[in-house]
Each structure stands twice: as C-alpha cells, then as structure tokens.
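Dear colleague,

Please find below the sequence and structure that I am handing over to you. My findings on the packing of its elements follow directly after it.

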Amino acid sequence: MRDFVNLDYYCSRAGKTDPVANALNCLNSKLYFHCKTHFGAQRNWANMFMQTALLCAVRDGAGALRDFGSYSFLASEYLGAQVLPCVQDFAVRRERLVGAPALELISERLRAGQAVTVNTFAERLPFFQSFRAFDAPYDPAVNIFPHFLLLVGGSDTELFYVEDPQVLDRRQFTAHPDNRHVGVIEKRLLLPALQAFAEICEIAIDAGHVDYYTGPRYLRDFLAEELRARRRGMASPDGWVLSCGDALGALAACLAAPQAELFGRHPLLQRSGAPDLKTFLSWQFYDVLAAKKLQATALSEWEAHLDGASFADVCLTHRYSVLVWEKVCRTLNTATPAGARAGKRALAGALDAARDIEDKLGRSVAAFLEEEVAA
C-alpha cells in the first residue's frame, strides 16, 4: 500500500514549493497529484497543465468593451471552451452521499489504500479561509463554495488532508507529525461539511493521454493555439467578440478615461464582484502571472531537448515577459488612494512595456512554429 501521507504535494519536505500544484485550482491540483502519483514524478507535468497566459477583451456588437480578464476564464464563460484541455481526458466518477455514509465510504477507501478526492461545502470546513460556521446554511439550488480537498489517510477518529495553501487558515491547521504539509482534522469536525453534501471522486486517465500532454507535440499544439488566440477574434453565440491581441490596448484606453479611478467602481466590475478597479485588475494580472510562471516551468524542461535558435528565443522572451508582468503586478499593488493618479500613470507605463513584450513573444512563437513546420 502506498504511503500517501509522506508524499510531496504543494511543498517538498525541504519547503520548496511545487510550481505546478500552486498554479492550479482545487480540482485540477488533485488531478495533478493523481497523475504524479500513478505515472511518476519524472514527467513534464507543467507541460500538461499549462494554461493560456493571455488577457482578453470582450466587446458587444457596437464595439463597446463589456468584459475583460483571463482568456482561459472568458473563453470558458462565453464560448464553452475548456480552461485546461487535458481535463476533458480525465474520467471523474462522482458518488454523491451525505453525512455519516459519506464519511464511512471515505474511511473505507482510505483503509483500502486509496487517496480520496472529495468535493464538499467549504463554508463548513474549519481550516478554510472562508469558513463561516459548522451550521452555515447550505442551499442546494445555489451550491455556494463547492471545494475539492484530498484525504490521504486517517485513524478511527481523525482524517489526514491536503489543502491548497492559498485558502488554508493556518490558525486552524494542525500538521501531521510525519509531514508538516499534511493537516489533521477530527472526523466529527469534517462531518458538518459532509452533511451539506459530499461528492466522492474516482479519477482515471490513460497512459496515452499522459504521453501526449507531457510530450513535445502538445507543447507545439498549445503554443499554436495560443498564437491563434493572439491573432484573431472569436464571436460568442450572442454576437459578442472576444479578442486577445488588442486586449492590453483596450485596457490602456479604459484606464485613460477620466472616470476610470483605480479605487472606484467601474462597469467592468459587474461580473466579478470586486470592490474597486484596482482589486479587479489585481485578480486578472495574478491569473496572467501564475499562468506565465507555469509555462516558464514547462519551457525550461524543454530547453535541453529542443534545439534551435528560435526555441531559445521563445524561452528567453518568455522569461522577460514574466519579469515584465511581475512589474505590472508590483506597480498596481503599490498604488494607494492618496497617490491614485500617479499610480494610474505608473500602471499605464508598465502596461505599455507588457504590450511590447507580448508582441515580441508572439513573433518568437510564430518563428518557432514556422521552423517546426519547415523541419
């Protein structure tokens, strides 16, 4: 039986973060752990879980800017596209139970030597930052805050779990004595969440799909698809147009408008629920930077295997783009209400640099793909 407690998840024993796990959401990170556990760590998993690092502008039929943000999210929202293409090749069978029967099935599978992925009600999880109360009201019509966590072992009275570091409330976290990155919770304290709902998941993916997504052909397919998204707009079923190549220009024009205040409300905030424009943009820029860092991890794995000046130029330009987007994020995050006007000017300059590096990156990728076709 595999000792799931003593595996590396979001961090190694030495405290080094896993760049793949930390770039994924709560379900996709569990798919990644499943792959890494069953197919071995020596794969280019960053390649498999790469996400498009593009911003997108959404315009209505009259050309007015109606939405803005991560292309991966907006393509999913408006076009029904997969955020992560590999996810469609996972078979995820979900068994829905409530309360004590769910807890018993979890315990049964743990005793059989399985790690168990569970989707449940986050507002009743005491170690979750958005925890409200053990009796927080649950409305199945709304299904507020579903959340996937990984259970990796247990005893008669306790369960051992793995949680996303970015949503973990450290004040309510008790570390496992053998692995400080694994938490311990009493079964009775997990039961209130399971009494709202529990989906107990079985996950499978075949070796052929793993070979494709961790191999060089998927790298080329991914870069080609991202380049197409840079170059052409796509119409949604209701006639709105999604475009990435001019998204930063659209944002620059939006910020230049006198009524666009970093610490004020804006029509772009309607979907997101962000309190102000600064918060909204910080969310979008974080998505870009996280996706770029994961791409950088994947590209670095290929540098020793893919020869040619064009691929070397892609890798170098991409590393510069990470630095540029880090500066964009810093510039935005250091803006204060007292210096809002100066902050907006500084952000406009940082975004100009981002537009330049994104144009150069697009040309580098195009040159690499043309060289690959010619070969």
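Helix 4 and helix 5 cross in the right-handed sense. In this predicted model, the axes of helix 4 (residues 100–111) and helix 5 come within 9 Å and cross at roughly 125 degrees. That angle lies neither over 145 degrees nor within 65 to 115 degrees, so helix 4 is oblique to helix 5. On the side of helix 4, the contact is formed by Ala100, Leu103, Ile106 and Ser107, and on the side of helix 5 by Lys187, Leu191 and Leu194. Sorted by class, the contact of helix 4 with helix 5 comprises five nonpolar residues, one polar and one charged.

One residue of helix 4 may be singled out, namely leucine 103. Is leucine 103 buried or exposed? Its relative accessible area is 13%, which is under the 20% limit, and leucine 103 is therefore buried. Leaving aside residues up to four places away in sequence, leucine 103 touches Leu159, Lys187, Leu191 and Leu194. Between the C-alpha atoms of leucine 103 and alanine 53 there is a separation of 39 Å, the two residues being 50 residues apart along the chain.

I turn next to the sheets. An open sheet of seven strands follows the order 3-9-4-5-6-8-7, with antiparallel pairing. Its edges are taken by strand 3 (91–97) and strand 7 (175–176); each has a single partner strand, so one side of each is left without a neighbour in the sheet. Strand 3 runs antiparallel to strand 9 (residues 198–204), and seven bridges join the two. Within this pair, arginine 96 stands opposite glutamate 199 of strand 9.

Two helices pack on this sheet. Helix 1 (residues 26–39) touches strand 3, strand 4 (116–121), strand 5 (146–154), strand 6 (158–162) and strand 9, and its direction makes about 35 degrees with that of strand 5. Helix 5 (residues 187–196) touches strand 3, strand 4, strand 5, strand 6, strand 8 (179–186) and strand 9, and its direction makes about 75 degrees with that of strand 8. Helix 5 thus has contacts with the sheet as well as with helix 4.

There is also an open sheet of four strands, in the order 2-1-11-10, and its pairing is antiparallel. Strand 2 (65–70) and strand 10 (234–235) are the edge strands, each pairing on one side only. Strand 10 pairs with strand 11 (residues 241–243) in the antiparallel sense over two bridges. Alanine 235 has valine 241 of strand 11 opposite to it. As background, the strands of a sheet pair through backbone hydrogen bonds, in either a parallel or an antiparallel manner.

Helices lie across this sheet too. Helix 3 (residues 71–79) lies across strand 1, strand 2, strand 10 and strand 11, and runs at about 130 degrees to strand 2. Helix 8 (residues 247–256) lies across strand 1, strand 2 and strand 11, and runs at about 70 degrees to strand 1.

Further helix pairs involve helix 9. Helix 7 (residues 216–231) packs with helix 9 (residues 277–302) at an angle of about 135 degrees, their axes being 12 Å apart. Helix 7 and helix 9 are therefore oblique to each other, and helix 7 passes helix 9 in a left-handed crossing. Helix 7 contributes Pro216, Leu219, Phe222 and Glu226 to the contact, while helix 9 contributes Gln295, Leu299 and Trp302. These residues divide into five nonpolar, one polar and one charged.

Helix 9 also packs with helix 10 (residues 309–333), at an angle of about 155 degrees and with the axes 9 Å apart. This angle is over 145 degrees, which means that helix 9 is roughly antiparallel to helix 10. The residues of their contact comprise 15 nonpolar, five polar and four charged, and the crossing of helix 9 and helix 10 is left-handed.

Finally, threonine 52 is located in the loop between helix 2 (45–48) and strand 1 (55–59). With a relative accessibility of 16%, threonine 52 counts as buried. Residues up to four places away in sequence being left out, threonine 52 touches Tyr71, Ser72, Phe222, Glu226, Ala291 and Gln295. Among them, Phe222, Glu226 and Gln295 also take part in the contact of helix 7 with helix 9.

With kind regards

Definitions and conventions:
Residues are numbered from 1 along each chain as its sequence is written. This is a predicted model: local features need pLDDT of at least 70, side-chain atom pairs count only at pLDDT 80 or more; totals for chains, interfaces and linings use all residues. Side-chain values use heavy atoms; hydrogens and water are left out. Axes are lines fitted to C-alpha atoms, for helices over the stretch in contact, and angles run from 0 to 180 degrees between N-to-C directions. Angles under 35 degrees count as roughly parallel, over 145 as roughly antiparallel, 65 to 115 as roughly perpendicular and the rest as oblique. A crossing is left-handed if the near helix is turned anticlockwise from the far one by less than a right angle, and right-handed if clockwise. Contact means heavy atoms within 4.5 Å. Ala, Val, Leu, Ile, Met, Phe, Trp, Tyr, Cys and Pro count as nonpolar, Asp, Glu, Lys and Arg as charged, and the others, Gly among them, as polar. Buried means under 20% relative accessible area, exposed over 50%, partly exposed in between (1.4 Å probe, protein chains only). Two strands pair if DSSP finds at least two bridges between them.
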